[in-house]
Amino acid sequence: MNKAVEITDSNFNDVLATDQPVLVDFWAEWCGPCKMIGPVVEELAGDYDGKAVVGKVDVDANPEMSAKYGVRSIPTLLVFKNGEVVDKQVGAVPKAVLAGKLDAQLA
C-alpha cells in the first residue's frame, strides 16, 4: 500500500511538478481533526497510486508553504493541478468528499 508523501518546504515544488493531480494535507501533530483525517489521507494515497499524488505537510515544521497558500486553519487540504490550486477543503470530511475532489481532476 502506497503511503502519503511527506512534503516539506524544500521539496514542495518538486512534488507539484507532475501531470497528475496532487492532494496536499496541511496538518499538525497537536490537531485533533488532523488525527481524524490522517488515516483517510493515507488510504487515498493507496487508492490513487499511479493516478494522483497524495502528500502531507506538517505546518509546524514547514511554515513557508503554509503561509504561501494562506493556510489559517488545519486540516486544510488543497488539490493542485498543473501546479495551481484547483480545489480546497478546510476541516475533516468523509473520505468520499476528498475522493470526489480527486476524481473531478482525473475526469
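# Exercises on a predicted model

Glu43, Asp47 and Lys95 are linked in a network of salt bridges. Keep that trio in mind as you work through this predicted model. Its chain has a mean pLDDT of 95, and 99% of the residues reach 70 or more.

## Exercise 1: the charged pairs

Task: Find how many salt bridges the structure holds, and work out which parts of the chain the pair Asp47 and Lys95 links.

Solution.
- Step 1. Start with the total: there are five salt bridges in the structure.
- Step 2. Go to Asp47 and Lys95, whose side chains meet at 2.7 Å, N to O. Asp47 belongs to helix α2 and Lys95 to helix α4, and the two are 48 residues apart, so distant parts of the chain are linked.
- Step 3. Check the surroundings. Asp47 has a relative accessible area of 39% and is partly exposed; Lys95, at 28%, also counts as partly exposed.
- Step 4. Now try Asp87 and Lys101, with their closest N and O atoms 3.1 Å apart. Because Asp87 lies in strand β5 and Lys101 in helix α4, this pair ties together parts 14 residues apart in sequence.
- Step 5. Apply the 20% cut-off for buried residues. Asp87, at 23%, is partly exposed, whereas Lys101, at 15%, counts as buried.

## Exercise 2: a pair between strands

Task: Decide whether Lys56 and Asp25 are buried or exposed, and say which strands hold them.

Solution.
- Step 1. Confirm the contact: Lys56 and Asp25 form a salt bridge, with 3.3 Å between the closest N and O atoms.
- Step 2. Place the residues. Lys56 is in strand β3 and Asp25 in strand β2, 31 residues apart.
- Step 3. Both Lys56 and Asp25 turn out to be buried.
- Step 4. Look across from Asp25 to β4, where Leu77 stands opposite.

## Exercise 3: the sheet

Task: Put the five strands in order, then explain why β1 and β5 each have one side without a neighbour in the sheet.

Solution.
- Step 1. Trace the open sheet: the order is β1-β3-β2-β4-β5, with mixed pairing.
- Step 2. β1 (5-7) and β5 stand at the edges with a single partner strand each, so one side of each has no neighbour in the sheet.
- Step 3. Follow the twist, which averages 25 degrees from one strand to the next.
- Step 4. Add the helices. Helix α2 (residues 32-47) packs on the sheet and touches β2, β3 and β4. Helix α4 (residues 95-106) packs on the sheet too, touching β2, β3, β4 and β5.
- Step 5. Zoom in on β4 (residues 76-81), where five of six residues are buried. Five bridges join β4 to β2, and these strands run antiparallel; six bridges pair β4 with β5, also in the antiparallel sense.
- Step 6. Use Thr76 as a landmark: Phe26 stands opposite Thr76, and Val90 in β5 is a bridge partner of Thr76.
- Step 7. Finish at the turn. Two residues separate β4 from β5 in their hairpin, and Asn82 in this turn has a positive phi of about 55 degrees.

## Exercise 4: the disulfide

Task: Identify which cysteines form the disulfide and explain why the disulfide is right-handed.

Solution.
- Step 1. The structure holds one disulfide. Cys31 and Cys34 form this bond, with sulfur atoms 2.3 Å apart.
- Step 2. The torsion about their S-S bond is about 80 degrees, so the disulfide is right-handed.
- Step 3. Cys31 and Cys34 are both buried.

Conventions: Residues are numbered from 1 along each chain as its sequence is written. Side-chain values use heavy atoms; hydrogens and water are left out. A disulfide is a pair of cysteine sulfur atoms within 2.5 Å. Buried means under 20% relative accessible area, exposed over 50%, partly exposed in between (1.4 Å probe, protein chains only). Helices (H or I, at least four residues) and strands (E, at least two) are DSSP runs, numbered from the N terminus. Two strands pair if DSSP finds at least two bridges between them. pLDDT is the predictor's confidence in each residue, from 0 to 100. Axes are lines fitted to C-alpha atoms, for helices over the stretch in contact, and angles run from 0 to 180 degrees between N-to-C directions. Contact means heavy atoms within 4.5 Å. A salt bridge is a side-chain nitrogen of Lys or Arg within 4 Å of a carboxyl oxygen of Asp or Glu.
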